[in-house]
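User: I am new to this structure and would like a close look at a single part of it. Please choose one helix, describe what surrounds it, and then place it in the wider chain.

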Amino acid sequence: MSMNAAPLILSLDAGGSNFVFSALKEAIPVVSPVRREVDTRDLHQCLEDIVAGFSHMGELCEEKPRAISFAFPGPANYSEGVVGPLANIPACASPVAIGAFLEERFQLPVYINNDGDLFAYGEGRAGFLPELNARLAQSGEHRRLRNLVGLTLGTGLGCGVYLNGTLLQGDNDAAAEIWGSADPTGSGLPVEEIISIRGLRRLFAAEAGLQEDEAPAPVEIYRLLDGDDIAGKQAAAAAFRTFYSTLTEVIRSCITLFDGVVILGGGIAGSAQRFLPAVVASLNEETLLPDGRHVHRVESRV
């Protein structure tokens, strides 16, 4: 293979509930991604399942891969290839040198980073941000946007920050770990326990009088909003209302701290048409100060 040819990269998006393996050239899949079940509770089996997934993707390709790219949920020492402890993957309850492990097994360089960080980096470098700037240019607007915050709403709450062409990583590879912020409703829980699949199911169960393990998946809760089951519709509406009012405060904090575009990803973001107008209206609301003045809580208009 010519050294100037685009390298083949094996990739894994390791979510708390889904492991999706891909093979890409210049960010374009060369074969269809494969979703595999991985044992996320036993470390040895988890690692072997990951090896099997990468091996299978390599067998599907006609050339030898040049590197492995890895997206993992949660804090880690990514520069050293060490992940954990991860709340969403019990097998990694303690730090695991998964980078060195995979490099030894495949004899390839391995690059690992946080899934929320990589979501923001991709949207900032080659996704929403350049598309938005292109639309600004076409409209004759001279201003260009340089900053983006990515929030992923899924198994957990992921966050990444793209600032002036670079990814904000922090001194400990833990920048933008917003999941542990306090829930603004006063529950005492981290916001991830509200803004996540399990959080939405928990909210619905409380409203519907169900046990948490009896609550349907978010997509089914979403469908209840348009269904004929009055009780189910009311419970779903109340659950989503708490979910997105909490999300609004997280977005408000992101805009206040980083003054950039906020983009949503992850499975639950598919219900955005239901909540974005209310979120935007709330972000633009004024608040009343003790001296009687009204001020915007967010400096920028949304």
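Analyst: What follows takes one helix, then some backbone details, then the chain as a whole.

The model is predicted. The part chosen is helix H2, which covers residues 98-106. Which of its residues are buried? They are Ile98, Gly99, Leu102 and Phe106. Seen down the axis of H2, these buried residues fall within an arc of 100 degrees, so they line one face of the helix. The spacing fits a general rule: an α-helix has 3.6 residues a turn, so residues three or four places apart point the same way.

What lies over that face? The cover on the buried residues of H2 includes one helix, H1 (43-60). Strands also take part, among them E5 (67-72), E7 (82-83) and E8 (110-114).

After H2 comes Gln107, and its phi is positive, near 55 degrees.

Positive phi also turns up elsewhere in the chain. Ala27 is not a glycine, yet its phi is positive, at about 70 degrees. Ala27 sits in the loop that runs between strand E2 (19-25) and strand E3 (28-29). Is Ala27 buried or exposed? Its relative accessibility is 66%, and exposed means over 50%, so Ala27 counts as exposed.

Asp173 is another non-glycine residue with a positive phi, here about 55 degrees. Its place is the loop between strand E11 (166-167) and helix H5 (197-208). The relative accessible area of Asp173 is 14%; because buried means under 20%, Asp173 is buried.

Now the wider chain. Its secondary structure comes to eight helices and 14 strands. Of its 302 residues, 42% count as buried. The C-alpha trace spans about 70 × 55 × 40 Å along its principal axes. A compact globule of 302 residues would have a radius of gyration near 19 Å, and the 21 Å of this chain agrees with that.

How far apart in sequence are the residues that touch? Among contacts between residues at least 6 apart in sequence, 55% join residues at least 24 apart.

As for the surface, the chain exposes about 15,800 Å², and carbon and sulfur atoms supply 51% of that area. The chain carries 23 positive and 38 negative side chains. The centres of these two sets lie 6 Å apart.

To return to the helix: H2 has its buried residues on one face, and the cover over them includes helix H1 and strand E8.

Technical notes: Residues are numbered from 1 along each chain as its sequence is written. This is a predicted model: local features need pLDDT of at least 70, side-chain atom pairs count only at pLDDT 80 or more; totals for chains, interfaces and linings use all residues. Side-chain values use heavy atoms; hydrogens and water are left out. Helices (H or I, at least four residues) and strands (E, at least two) are DSSP runs, numbered from the N terminus. The radius of gyration is taken over C-alpha atoms; the globule rule is 2.2 Å times the number of residues to the power 0.38. Buried means under 20% relative accessible area, exposed over 50%, partly exposed in between (1.4 Å probe, protein chains only). Contact means heavy atoms within 4.5 Å. Accessible areas come from the Shrake-Rupley method with a 1.4 Å probe; for residues, only the protein chains shown count as cover. Lys and Arg count as positive and Asp and Glu as negative; His and the chain ends are not counted. The place of a charge is taken as NZ of Lys, CZ of Arg, CG of Asp or CD of Glu. The arc is that of the directions from the helix axis to the C-beta atoms.
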